[in-house]
Amino acid sequence: MWKGNGPGGNQEGLGGDLGAQGNWGPEDAPGLLARASLPIMLPWPLPLASSAMTLLLGALTSLFLWYCYRLGSQDMQALGARSQTGGLSGGPGGCPEAGRPGLGRVEEPREGPRTEGLVSRRLRAYARRYSWAGMGRVRRAAQGGPGPGGGPGALGIQRPALLFLPDLPSAPFVPRDAQRHDVELLESSFPAILRDFGAVSWDFSGTTPLPRGWSPPLAPGCYQLLLYQAGRCQPNNCRRCPGAYRALRGLRSFMSANTFGNAGFSVLLPGARLESRCGPTNARVRCHLGLKIPPGCELVVGGEPQCWAEGHCLLVDDSFLHTVAHNGSPEDGPRVVFIVDLWHPNVAGAERQALDFVFAPDP
């Protein structure tokens, strides 16, 4: 069809030889035009390729929609758990020493709802508005699981249910000097806080209607009156307890704008016992101011026993497993403590601001 002279001599061929060197004349034009007009042969039939591509795109779309549904479901679960956060127990069914948001019964700590995605998104929103400076530990906490290293803590005795902030010094009981200002302020306010309790107290017999301001019994023998619940002020109770409210307003490290923050009176009747449980986070320290401490009361945190003293504060890291018991007789009366949630002393100011943004109380 065409003739050309190249290094190998005279060549005749079809399309495979078009890449060789050669010379063509006008007489070769009709043949070349005929070759160029041949139809292009596809490796497979075009209708079959279109069907396969349609099926692939449909499968990818379905997978994407399923992923969005799962992600949205997990976020709604996390928001539901936060909306149930309440009280010194952190939930509608806990007790003041439980400190575990979103749970309504006494049980062994578990992984809980997956809040990492929600926390990460809110943390990114905070960083866009402010800065990532000083957010290393908070970022790791948002990406990890609800426990040291994403799982149970050392020997399984420290298991925060929702947020574990890494690299914080951990001990069941925190030295008083770690929060000296707030401890001294609360202890100096002991007489006023005790008077406030006397003004709102009742017989706790359960045979009379529940007085105004008191939460329903969360467990047998366990009562509470809250001035702050999950980071939100309870105005009526604060007006009835002016001395306690004044003390709370003077604290420097009170978690007053965070769902992990609670404050109020905790009452435990004789014979009541709160089995082992863990709080929601190790970023806080729970301060117990003893108001009425009869004999036979005991607090065990991380396997270490301790007891309250009237007029003195006890700082507890309630992310450790802890048990509370009132083993006294009915004549001894209830054990009463005033509980306030403070920031862990080793959580930096920038980290507190970020966590307040991420765990802001629901509007």
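Strands are DSSP runs of E of at least two residues, numbered from the N terminus. In this predicted model, D332 is placed in the loop that connects β12 (322-326) with β13. The relative accessibility of D332 is 34%, so the residue counts as partly exposed. The side chain of D332 has a polar atom 2.9 Å from the backbone nitrogen of S329. When neighbours within four places in sequence are set aside, the contacts of D332 are P294 and P295. A further position brought into this region is G296, which is 36 residues from D332 along the chain; the C-alpha atoms of the two residues are separated by 9.0 Å.

The strand that follows this loop, β13, belongs to an open sheet of seven strands. The order across the sheet is β3-β11-β8-β13-β6-β4-β5, and the pairing is antiparallel. Strands β3 (173-174) and β5 (232-233) form the edges, each pairing on one side only. Within the sheet, β8 (residues 284-292) and β13 (residues 335-343) run antiparallel and are joined by eight bridges. In this pairing R284 stands opposite W343 of β13.

Two helices are placed against these strands. Helix α5 (residues 180-188) packs on the sheet, where it touches β8, β11 (313-316) and β13. The direction of α5 makes about 140° with that of β11. Helix α6 (residues 190-200) lies across β4 (222-229), β6 (263-268), β8 and β13, and runs at about 70° to β8. Strands β8 and β13 are thus among the elements met by α5 and also among those crossed by α6.

Helix α6 contains D196. This residue is buried but has no salt bridge. The nearest side chain of opposite charge is that of R195, at 6.1 Å, whereas a salt bridge requires a side-chain nitrogen of Lys or Arg within 4 Å of a carboxyl oxygen; the R195 side chain is therefore outside the cut-off. Residues up to four places away in sequence not counted, D196 touches R240, C241, P242, G243, A244 and F265.

The count of salt bridges comes to nine. One of them joins E187 and R176, with the closest N and O atoms 2.4 Å apart. E187 lies in helix α5 and R176 in the loop between β3 and α5, so this pair ties together parts that are 11 residues apart in sequence. The partners have separate accessibility classes: E187 counts as buried because its relative accessibility is 18%, and R176 counts as partly exposed at 37%.

R180 takes part in two of the pairs described here. In the salt bridge between R180 and D177, the closest N and O atoms are 2.5 Å apart. In the salt bridge between R180 and E184, the N to O distance is 3.2 Å. E184 and R180 are four residues apart in helix α5, and are therefore separated by about one helical turn. R180 is partly exposed, with a relative accessibility of 44%, as is E184 at 43%. D177 is exposed, its relative accessible area being 53%.

Salt bridges also link R284, R286, D318 and D341 in a network. R284, a member of this network, is the residue that stands opposite W343 in β13.

Conventions:
Residues are numbered from 1 along each chain as its sequence is written. This is a predicted model: local features need pLDDT of at least 70, side-chain atom pairs count only at pLDDT 80 or more; totals for chains, interfaces and linings use all residues. Side-chain values use heavy atoms; hydrogens and water are left out. Two strands pair if DSSP finds at least two bridges between them. Contact means heavy atoms within 4.5 Å. Axes are lines fitted to C-alpha atoms, for helices over the stretch in contact, and angles run from 0 to 180 degrees between N-to-C directions. Buried means under 20% relative accessible area, exposed over 50%, partly exposed in between (1.4 Å probe, protein chains only). A polar contact is a pair of N or O atoms within 3.5 Å; within protein, one must be able to donate a hydrogen and the other to accept it, and residues adjacent in sequence count only if both atoms are side-chain atoms. Lys and Arg count as positive and Asp and Glu as negative; His and the chain ends are not counted.
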